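Please open the model in your viewer and keep the selection panel at hand. The stops below say what to select next and what is to be found there.

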Amino acid sequence: MMAAALKVEKLTRPQVAWRIAQDIPDGAYVNLGIGAPELVANFLPADREIVIHSENGILGMGPTPPKGEEDPDLINAGKRPASLLKGGSYFHHTDSFAMIRGGHIDLCVLGAFQIAQNGDLANWATLDTSRPPGVGGAMDLAVGAKRLVVMTDHCTRDGQPKLLESCSYPLTGLGVVNRVYTDLAVIDIKDGQFVVREILAGLEPAQLQEVTGAALIFADDCAELKTETGVTE
Amino acid sequence: MIDKQVHDFDTALDGLSDGATIMISGFGAAGAPHDLAEAALERGVRDLVIISNNAGEGERGLSRLMKERRIRKVICSFPTSSNSEIVKELYAAGAIELEIVPQGTLSERIRAAAAGIGGFYTRTSVGTPLADGKEIRTIDGIDYALEYPLHADFAFVKGLLADRWGNLTYNKSARNFGPSMAMAGMVTVAQVGRIVELGAIDPEHVVTPGIFVDRVMEIK
């Protein structure tokens, strides 16, 4: 049975982003990868000071500016308009990647094509050689962030599992992923295995296993996937 | 007297010839010196090697050089932006060579050239196809890949302010690759929004000291 056939309502991307944001501690320096992970910035708990790092030279990045206040010289890593919070700073690329590679970033959230049970990540190239590959900062973030979590749909659009025994796509980093947040579950990578910490309400463990390409271990204290209704972009 | 101001593109690009390697600053359109890149097009040079984070975005600058087939090879981290259609077409047609370099490695290779460093070891790319053929050295139990400096005949950067000594400031996230590339170019040309009197830039606010800059051109 593929995910599309499941009788439960999967989390939306904003809901997954909300779930990730709940786990980010006060005072953390956080890099959000381009694409879906950018949504996490919209759900940071208001009672925590979390400093967003953007690889193009920003610390203390703020939300999307109101229409009419965009500045072409102030953009995020996805090249969309950004803003700067009080206390924020600008710096050049080599310093920015010293922050990344040098282990100064507490948490990085990246998207993925595939994640292996040993923590290998594939998120920059497919096997299609007619299109140029683009790696951007993903390989630096993969090895440099103190903690790396992935935000992804549990399966591809055509229902193929993305959590696998080993990746078939070109790798971004070896054994780098600590946790995966999907639209069905929160899964840690521990000692070369996928350990389910939270599972979507109404989804049976066997159903989750069926849409996963590697054996799942269910934690003794495996809980219902925390979510918030009414979460939108 | 030192006066690095230039007032026309011929002087700005003096010495640029076919086959040259050019660093072009910018992250997307932010900090991209479109006018200098287009001046290279007007100059008629071809067979260029470009070092830049992206491989042309939108219609201007590097995209125009690419569209006119003036570029042999691009060394970049991310040529696949949504508005980088020209490079995708050229790549599919086998009409351009791409060297994909992780963004931090790209930046550090540029800095290494600028700083007289012969190479460095980084964990980035170890175990991936981008480390194929590279020396791997284990240091304190961690595997690192050997990376070499990236040199360039010219660096084109975009600043906010300059003075006649070539001191530069930048604007917000348009700073990106500017400072490292300015340091690395054999000839560094900066296009800036405004040239101010010597001393008008607070020395504490100079981001790129003039020693790294050869020519500055005010382009409104």
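A residue is called buried here if 20 or more other C-beta atoms lie within 10 Å of its own, with the C-beta atoms placed from the backbone. By that cut-off, buried residues make up 55% of the 220 residues in chain B. Please keep in mind throughout that this is a predicted model.

**Chain B as a whole**

Begin by selecting chain B, in which you will find six helices and ten strands. Taken along the principal axes, its C-alpha atoms fill a box of roughly 50 × 45 × 30 Å. The radius of gyration of chain B is 18 Å, which agrees with the value near 17 Å that a compact globule of 220 residues would have. If you display contacts in chain B with a separation of 6 or more, 74% of them are accounted for by residues 24 or more positions apart.

**Parallel strands in chain B**

Next, select residues 152-162 and residues 185-195 of chain B, which are strand 8 and strand 9; these two strands run parallel and are joined by nine bridges. To find your place in this pairing, label Ala155(B), which stands opposite Thr188(B) in strand 9 of chain B. Now add residues 178-184, helix 6 of chain B, to the selection, and you have a right-handed β-α-β unit made by strand 8, helix 6 and strand 9.

Stay with strand 9 of chain B and bring in strand 10, residues 215-218, which runs parallel to strand 9 and is joined to it by four bridges. A useful label here is Gln191(B), which stands opposite Met217(B) in strand 10 of chain B.

**Where the chains touch**

Show both chains and select the residues that lie between them: 32 residues of chain A are in contact with 40 residues of chain B. On the side of chain A that touches chain B, the elements giving two or more residues are helix 2 (93-101) and helix 3 (138-144) of chain A. The largest share of that side, five residues, comes from helix 2 of chain A. Colouring the side of chain A that touches chain B by class gives 15 nonpolar, ten polar and seven charged residues.

**Chain A as a whole**

Hide chain B and look at chain A, whose secondary structure comes to four helices and 13 strands. The radius of gyration of chain A is 18 Å, close to the 17 Å that the globule rule gives for 233 residues, so chain A is as compact as a globular protein of that length. Its C-alpha trace spans about 50 × 40 × 30 Å along the principal axes, and buried residues make up 46% of the 233 residues.

**A covered helix in chain A**

Select residues 13-22 of chain A, which form helix 1, a mostly covered helix with seven of its ten residues buried. Among the buried residues of helix 1 of chain A are Val16(A), Trp18(A), Arg19(A) and Ile20(A). To see what covers them, display strand 5 (107-110), strand 8 (147-151) and strand 10 (179-181) of chain A, which are included in that cover.

**A last stop at Gln114(A)**

Finally, centre the view on Gln114(A), which has its place in strand 6 (residues 114-116) of chain A. Is Gln114(A) buried or exposed? Gln114(A) is buried, because 25 other C-beta atoms lie within 10 Å. Leaving aside its neighbours within four places in sequence, Gln114(A) is in contact with residues including Ala122(A), Leu164(A), Cys167(A) and Tyr169(A). Arg80(A), by contrast, is 34 residues apart from Gln114(A) along the chain, and their C-alpha atoms are separated by 26 Å.

Notes
Residues numbered from 1 in each chain as written. Chains lettered and ligands numbered in written order. Predicted model: local features only at pLDDT ≥ 70, side-chain atom pairs only at ≥ 80, totals over all residues. Contact = placed C-beta atoms within 7 Å. Nonpolar A, V, L, I, M, F, W, Y, C, P; charged D, E, K, R; others polar. Buried ≥ 20, exposed ≤ 12 C-beta atoms within 10 Å, placed from the backbone. Rg over C-alpha atoms; globule rule 2.2 N^0.38 Å. Pairing = 2+ DSSP bridges. Right-handed = clockwise from strand over helix to strand, strands pointing away.
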